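Work through the exercises below with the sequence and the 3D view at hand. Each task is followed by a solution in steps.

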Amino acid sequence: MKKVKFGVIGLKGIGQTHINGIVSTEEAELLAVADINEEVGRSVASKYSVEWYKDYEKMLERKDLDAVTICTPHFLHAPI
């Protein structure tokens, strides 16, 4: 079975819950994360050996992502 390849935008709070769900699911794979906080972004990317993006739009340019979860504060969901 092909794994669903994920990116996550927003890495604190619910973002960690989404990441935990992705990495604990055999049919899913975390490929990239995005957060404007460099310290958080680099830390999470290092922990999971994935690429970090400060600009989520750059992450969305990746052709290998199948799905993206938006885990920012709710008022930022629509703009993203």
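Helices and strands here are DSSP runs, a helix having at least four residues and a strand at least two, and they are numbered from the N terminus. The model is a predicted one.

**Exercise 1.** Find where Asp66 is located and decide whether Asp66 is buried, partly exposed or exposed.

Solution.
- Step 1: Asp66 sits in the loop between α3 (56-60) and β4.
- Step 2: The relative accessible area of Asp66 is 44%.
- Step 3: Partly exposed covers values between under 20% (buried) and over 50% (exposed), so Asp66 is partly exposed.

**Exercise 2.** Which parts of the chain does the salt bridge of Asp66 and Lys2 tie together?

Solution.
- Step 1: A salt bridge needs a side-chain nitrogen of Lys or Arg within 4 Å of a carboxyl oxygen of Asp or Glu.
- Step 2: Between Asp66 and Lys2 the N to O distance is 3.7 Å, and their side chains form a salt bridge.
- Step 3: Lys2 belongs to the segment before β1 (4-9) and Asp66 to the loop between α3 and β4, so the pair joins parts 64 residues apart in sequence.
- Step 4: Lys2 is exposed, at 62% relative accessible area.

**Exercise 3.** Describe the salt bridge between Glu38 and Arg42.

Solution.
- Step 1: The closest N and O atoms of Glu38 and Arg42 are 2.7 Å apart.
- Step 2: Both residues are in helix α2 (residues 38-48), 4 residues apart, which means a separation of about one helical turn.
- Step 3: Glu38 is partly exposed, with 37% relative accessibility.

Terms used. Residues numbered from 1 in each chain as written. Predicted model: local features only at pLDDT ≥ 70, side-chain atom pairs only at ≥ 80, totals over all residues. Heavy atoms only, no water. Buried < 20%, exposed > 50% of the residue type's maximum accessible area, 1.4 Å probe, protein only.
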